[in-house]
Amino acid sequence: MASQNLDPAATSVTAARKGVEPSGGAARSPVGKRLQQELMTLRMSDADTGYEDLRYKISLEFPSGYPYNAPTVKFLTPCHHPNVDTHGNICLDILKDKWSALYDVRTILLSIQSLLGEPNIDNSLNMHAAELWKNPPAFKKYLRSTYSKQVSSQEP
């Protein structure tokens, strides 16, 4: 692990794995303070960031060692994409072996947005989507068909 990712506050492996304190104490912890600051920065940033264009629901879980440990990101809505598996797990290098304590929530969201637009089909979790991605008309046809099925199954 790179030196910028070493957590000087972690006293043991167990402490690093505990996660954010239960509600009430999380905001007072260093993790909670950093996340609150990052959220405020996101809210105050320019409206043209493109976050509104992400039409997926994702979950970001921040470990107690954040920012020294990468958060876990999972898609909560179906995402037929070469770098997202059927369980919503995402293959993004900055969340794995390229993580740095210098990254913040904005960096993570921009990286996800970039990956959605230009996937790494050589390192895909979804082989079907990777094959379809090579043929844009076939990929669009599949997505339209899948979306239509999802919409019709949700209608009363």
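**Buried cysteines, an aromatic cluster and a nonpolar core**

In the predicted model, C91 has a relative accessibility of 18% and therefore counts as buried, since the term applies to residues under 20% relative accessible area. C79 is likewise classed as buried, because its relative accessible area is 10%. As for bonds between cysteine sulfur atoms, the structure holds 0 disulfides.

The chain as a whole consists of 156 residues, of which 33% are buried. Its secondary structure comprises 5 helices and 2 strands, and these elements follow one another along the sequence in the pattern α-α-β-β-α-α-α. When contacts between residues at least 6 apart in sequence are considered, 61% of them join residues that are at least 24 apart. The accessible surface of the protein amounts to about 10500 Å², and carbon and sulfur atoms account for 54% of this area.

The aromatic side chains were examined next. With ring centres required to lie within 6.5 Å of each other, the count of aromatic pairs comes to 4. One of these pairs is formed by F62 and Y66, whose ring centres are 4.7 Å apart and whose planes make an angle of 70 degrees, an arrangement described as edge-to-face. Both F62 and Y66 are buried. Y66 also pairs with W99, and here the centres are 6.3 Å apart while the planes stand at 40 degrees, so the pair is tilted. The label follows because planes under 30 degrees apart count as stacked and those over 60 as edge-to-face, with the rest counting as tilted. Y66 lies in the loop between β1 (58-61) and β2 (72-75), whereas W99 lies in the loop between β2 and α3 (105-117), so this pair ties together parts of the chain that are 33 residues apart in sequence. Y66 counts as buried because its relative accessibility is 3%, and W99, at 5% relative accessibility, therefore counts as buried too. Together with F62 and Y103, the residues Y66 and W99 form one aromatic cluster.

Which residues have the most contacts inside the largest nonpolar core? This core contains 18 residues, and those with the most contacts within it are F75, I90, L92, L95 and I112. Two elements, β2 and α3, each give two or more residues to the core. The largest share comes from α3, which supplies 6 residues. For L92, one of the residues with the most contacts inside the core, the contacts beyond its neighbours within four places in sequence are with S111, I112 and L115. Since α3 spans residues 105-117, these three partners of L92 fall within the range of that helix.

A contrasting environment is found at H87, which is placed in the loop between β2 and α3. Its relative accessibility is 57%, so H87 counts as exposed, because that term applies to residues over 50%. H87 nevertheless touches other parts of the chain: when residues up to four places away in sequence are left aside, its contacts are K74 and F75. F75 is itself among the residues with the most contacts inside the largest nonpolar core. The C-alpha atoms of H87 and L76, which are 11 residues apart along the chain, are separated by 8.6 Å.

Notes. Residues are numbered from 1 along each chain as its sequence is written. This is a predicted model: local features need pLDDT of at least 70, side-chain atom pairs count only at pLDDT 80 or more; totals for chains, interfaces and linings use all residues. Side-chain values use heavy atoms; hydrogens and water are left out. Rings of Phe, Tyr and Trp (its six-membered ring) pair if their centres lie within 6.5 Å; planes under 30 degrees apart count as stacked, over 60 as edge-to-face and the rest as tilted. Buried means under 20% relative accessible area, exposed over 50%, partly exposed in between (1.4 Å probe, protein chains only). Helices (H or I, at least four residues) and strands (E, at least two) are DSSP runs, numbered from the N terminus. A nonpolar core is a set of buried Ala, Val, Leu, Ile, Met, Phe, Trp, Tyr and Cys residues joined through side-chain atoms within 4.5 Å. Contact means heavy atoms within 4.5 Å. Accessible areas come from the Shrake-Rupley method with a 1.4 Å probe; for residues, only the protein chains shown count as cover. A disulfide is a pair of cysteine sulfur atoms within 2.5 Å.
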